[in-house]
Amino acid sequence: MEIGFCGPGLMGAPMIRHLLGAGHAVQVWNRTRAKAEALVPDGATVASTPAGLVGRAEAIFLCVLDAAAVEEVVFGANGIVAGVLGANGNSPVRWIVDHGSIPPSATRAFAARAAEANIGWIDAPVSGGVAGAIAGTLAVMAGGDAADVAAVTPVIGAYAARVTHMGAAGAGQTTKLCNQAIVTSTVAAIAEAVSLAQRSGIDAARLTQALAGGWADSVLLQTFVPRMTQSGQPPIGALSTFQKDVDTIAAAAYETGTPMPVSGTVQQLLRLGAAMGLADADLSGFIDVLHTPRKKG
Ligand SMILES: NC(=O)c1ccc[n+]([C@@H]2O[C@H](COP(=O)([O-])OP(=O)(O)OC[C@H]3O[C@@H](n4cnc5c(N)ncnc54)[C@H](OP(=O)(O)O)[C@@H]3O)[C@@H](O)[C@H]2O)c1
């Protein structure tokens, strides 16, 4: 399939490499052009604007930061919809697939606006982190029309182990909020455990070995204990991204009357981290909010 892709960031770049590896033609746009150019040796071509993607692509994939970025890329002056409308019926674009994590309410509004331009919207947020994107084993939770989700599922299969259709537009994003409630709370709890181990005088780095196979073991434990006990690890995401997600969880909890006291505590922990200047720190920066030192990696 001919594909357009906006947002070759930490997550998007490995997804694009998998699409190219699976034989798809991929044209890439990014706000910072150099990140799109970096994929040319892998076989990608580069567009100057999101609107520039609409000439060849049947599906346009997004992996940009937040709802404001999605709105700009899709509905802005040089956005995808402007490009499609400007093509006067000659654009092959049929679907927008949004892999970013944005609020379900924003997704429903975007899907309705895209439908006016005859574009199907699939919200398809992902879990599995940068490691999952590189390995091609992401879990994708999808919302949208069933036929639209079915049409793009084989393409997403280039970098996902599973695609689960959860319901109409926004259902994928709601599922991702459930995922993030578990992930952010767990990473915060791992930071507390590492901090307790260090302050008690035991080797926190050996928690991975000691807890392996027990109830506290998880991909998150095995990923974050090494990152929290040693400095100098390559970044896999920013705490501000977690902040965005727990803020969205808090809004959804308010809208639905759901008691979520643990997520509320994590939200305030992240707010404290931001006030300490840690918004751009790696996801393992939870440990720095607790003032627990790391060894040089
Ligand atoms: N990292 C993870 O572990 C992870 C896991 C699952 C889901 N996600 C989600 O995936 C999405 C991308 O995350 P990431 O970690 O790949 O982030 P990232 O590396 O910071 O990439 C963000 C991308 O969004 C673009 N962008 C940001 N603001 C923009 C704007 N106003 N207009 C246009 N483009 C804009 C960036 O362009 P520039 O290069 O110009 O800055 C970049 O291409 C987020 O929604 C995140 O929540 C991340």
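Visitor: How many of the 10 residues of helix α1 (residues 12-21) are buried?
Guide: Happy to start there, and do keep in mind that this is a predicted model. Buried here means under 20% relative accessible area. By that cut-off α1 is mostly covered, and the number of its 10 residues that are buried is seven.

Visitor: Which elements do the buried residues of α1 pack against?
Guide: The residues in question are G12, A13, P14, M15, I16, L19 and L20. Their partners include both strands and helices: β1 (2-6), β2 (25-29), β7, α6, β8 and α7 (146-156).

Visitor: Which residue with a positive phi follows α1?
Guide: Helix α1 itself covers residues 12-21. After it comes a residue whose phi is near 95 degrees, and that residue is G23.

Visitor: Which residues have the most contacts inside the largest nonpolar core?
Guide: In soluble globular proteins, nonpolar side chains tend to be buried together. Here the largest such core has 33 residues. Elements that each supply at least two of them are β1, α1, β2, β4 (59-62), β5 (95-98), α6, β8 and α7. Inside this core, the residues with the most contacts are F61 and I156.

Visitor: What is F61 in contact with, leaving aside its neighbours within four places in sequence?
Guide: F61 belongs to the largest nonpolar core, where I156 is the other residue named for the most contacts. I156 also appears among the contacts of F61. The full list is I3, G4, F5, C6, V97, H99, V155, I156 and Y159.

Visitor: How many residues are in the other core, the one with L220 and V246?
Guide: This core lies apart from the one around F61 and I156. L283 and I287 are also among its members, and its residue count is 29.

Visitor: What volume does the largest pocket have?
Guide: Its lining has 47 residues, with L10, M11, I236, G237 and T241 nearest the centre. Elements giving two or more residues to that lining include α3 (67-75), α8 (171-199) and α11 (239-256). By class, the lining has 22 nonpolar, 18 polar and seven charged residues. The space in this pocket is about 1400 Å³.

Visitor: Which domains each give at least three residues to the lining of the largest pocket?
Guide: The residues nearest the pocket centre include L10 and I236. The whole lining draws at least three residues from each of domain 1 (2-168) and domain 2 (174-289).

Visitor: Why is the second largest pocket said to lie between domain 1 and domain 2?
Guide: This pocket has a volume of about 270 Å³. Among its 17 lining residues, P104, T174, L177, A252 and A253 lie nearest the centre. It lies between the domains because residues of its lining come from both domain 1 (2-168) and domain 2 (174-289).

Visitor: Which element gives the most to the lining of the second largest pocket?
Guide: The lining has 10 nonpolar, five polar and two charged residues. With seven residues in that lining, the element giving the most is α11.

Visitor: Which elements give two or more residues to the lining of the largest cavity?
Guide: A search of the whole structure finds one cavity of 30 Å³ or more, and the volume of the largest cavity is about 40 Å³. Its lining is S101, I102, P103, K176, L177, Q180, K244, D245 and T248, divided into three nonpolar, three polar and three charged residues. The elements giving two or more of them are α8 and α11.

Key: Residues are numbered from 1 along each chain as its sequence is written. This is a predicted model: local features need pLDDT of at least 70, side-chain atom pairs count only at pLDDT 80 or more; totals for chains, interfaces and linings use all residues. Side-chain values use heavy atoms; hydrogens and water are left out. On a 1 Å grid over the protein atoms alone, a cavity is a set of points where a 1.4 Å probe fits but cannot get out, and a pocket is an open set with protein on both sides within 12 Å along at least five of seven lines; lining residues have an atom within 4 Å of a point. Grid points are joined across faces, edges and corners, and a volume is the space filled by probe spheres set on the points. Helices (H or I, at least four residues) and strands (E, at least two) are DSSP runs, numbered from the N terminus. Ala, Val, Leu, Ile, Met, Phe, Trp, Tyr, Cys and Pro count as nonpolar, Asp, Glu, Lys and Arg as charged, and the others, Gly among them, as polar. Domain bounds come from an automatic or database domain assignment. Buried means under 20% relative accessible area, exposed over 50%, partly exposed in between (1.4 Å probe, protein chains only). Contact means heavy atoms within 4.5 Å. A nonpolar core is a set of buried Ala, Val, Leu, Ile, Met, Phe, Trp, Tyr and Cys residues joined through side-chain atoms within 4.5 Å.
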